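Here is a short briefing on one protein chain. Keep the structure open and find each residue as you read.

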Amino acid sequence: MTNTARRLQRLAVCVWTFGLVWAILPVSVQTAFAMQAEETGQEVKLNVGLSTAKPGEPIDIPLTLSKGDEPQLNKVVGEIGFPKDTLSFVDVELGLSGELSEVNVQAVEKADPDDDKVSLLEVTISGEKPIRPGILAYIKFRVSTNATKGTITLELKSAKATTMEGEPVQMAEGRDGQVELFGLEEEIPVVGCFFFTH
């Protein structure tokens, strides 16, 4: 599969997953999200994305940056906690915004000193040009063959950024990621795209 085809596949998964999550939320919660988006549209946030999988499968989790036109950033660092008995870190690669910003991405896995069941992944995205908002990177995991059905949280433990001048930036609280695990014999549901059905 080519890189372009892989990106289109990931985009489709992200879109229908968002549509599924949005569709099952009560209207009051949807309204609250919309109001919050209006209020925080200019805030700098690092968010961990969503995915679905079955035991033994590989998954790609998007890491996204949201912000207004200012400030211009040249470095973003996020630390993500994940259950090491369920997920194994494989690699990290640039997303579209990361590629367009011509940044480098690195990920270092380490133990969580507070919880021996959790691994920490520090992802660093940096470059000489301003970093564009959007999908900065994809974190690649493999689901354990012993994983059980349920929801796994990828906790955004911390996020920080610096401007082109090297000044620290105040970050708003970003979103944790989630992986919805299905049983081996189950079909992962395919839903209509939210953007085309609303």
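Asp60, Glu93 and Lys140 are joined in a network of salt bridges. This comes from a predicted model. The protein chain contains 4 helices and 11 strands. The points below begin with the salt bridges, then turn to the sheet, a buried asparagine, two unusual backbone spots and the whole chain.

**The network and its strands**

- Glu93 and Lys140 from this network meet through their side chains in a salt bridge, at 3.9 Å from N to O.
- The two residues are distant in the chain: glutamate 93 sits in strand 5 and lysine 140 in strand 8, 47 residues apart.
- Is glutamate 93 buried or partly exposed? Its relative accessibility is 25%, so glutamate 93 counts as partly exposed.
- Lysine 140 also has a role in strand pairing, as the bridge partner of aspartate 91.

**Salt bridges around lysine 110**

- The whole structure holds 7 salt bridges.
- One of them joins glutamate 79 to lysine 110, with the closest N and O atoms 3.3 Å apart.
- This pair also links distant parts of the chain: glutamate 79 belongs to strand 4 (residues 73–83) and lysine 110 to strand 6 (residues 104–111), 31 residues apart.
- Glutamate 79 counts as buried because its relative accessibility is 17%, and the cut-off for buried is under 20%.
- Lysine 110 has 35% relative accessibility, so lysine 110 counts as partly exposed.
- Glutamate 122 forms a salt bridge with lysine 110 as well, and here the closest N and O atoms are 3.8 Å apart.
- Glutamate 122 lies in strand 7 (residues 118–126) and lysine 110 in strand 6, so this pair ties together parts 12 residues apart in sequence.
- Glutamate 122 is partly exposed, with a relative accessible area of 26%.

**The four-stranded sheet**

- Which order do the 4 strands of the open sheet follow? The order is 1-3-8-5, and the pairing is antiparallel.
- Strand 1 (45–48) and strand 5 (87–94) stand at the edges. Each has a single partner strand, so one side of each is left without a neighbour in the sheet.
- Neighbouring strands of this sheet are turned against each other by 25° on average, direction ignored.
- Strands of a sheet pair through backbone hydrogen bonds.
- Strand 1 and strand 3 (residues 58–66) run antiparallel and are joined by 4 bridges.
- Within that pairing, leucine 46 has leucine 65 in strand 3 as its bridge partner.
- At the other edge, strand 5 pairs with strand 8 (residues 134–143) over 7 bridges, in the antiparallel sense.
- In a regular strand the side chains alternate between the two faces of the sheet.
- Strand 1 can be read this way: Lys45 and Asn47 point one way, while Leu46 and Val48 point the other way. All of these residues are buried.

**A buried asparagine**

- Asparagine 74 is found in strand 4.
- Asparagine 74 has a relative accessible area of 18%, so asparagine 74 is buried.
- What does asparagine 74 touch, not counting residues up to four places away in sequence? The residues it touches include Ile125, Ser126, Gly127 and Lys129. Also among them are Ile131, Thr162, Thr163 and Met164.

**Two unusual backbone spots**

- Most residues other than glycine have a negative phi, and most peptide bonds are trans.
- The peptide bond from glutamate 70 to proline 71 is cis, with omega near -5°.
- Proline 71 lies in the loop between strand 3 and strand 4.
- Glutamate 102 has a positive phi of about 55°, although it is not a glycine.
- Look for glutamate 102 in the loop between helix 3 (96–100) and strand 6.
- Is glutamate 102 buried or exposed? Its relative accessible area is 51%, so glutamate 102 is exposed; the cut-off for exposed is over 50%.

**The whole chain**

- The protein chain has 198 residues, and buried residues make up 40% of them.
- Take the contacts between residues at least 6 apart in sequence: 75% of them join residues at least 24 apart.
- The accessible surface of the protein chain comes to about 11,400 Å². Carbon and sulfur atoms account for 52% of that surface.

Definitions and conventions
Residues numbered from 1 in each chain as written. Predicted model: local features only at pLDDT ≥ 70, side-chain atom pairs only at ≥ 80, totals over all residues. Heavy atoms only, no water. Pairing = 2+ DSSP bridges. Axes fitted to C-alpha atoms, helices over the stretch in contact; angles between N-to-C directions. Salt bridge = Lys/Arg side-chain N within 4 Å of Asp/Glu carboxyl O. Buried < 20%, exposed > 50% of the residue type's maximum accessible area, 1.4 Å probe, protein only. Contact = heavy atoms within 4.5 Å. Areas by Shrake-Rupley, 256 points an atom, 1.4 Å probe, with all protein chains shown as cover.
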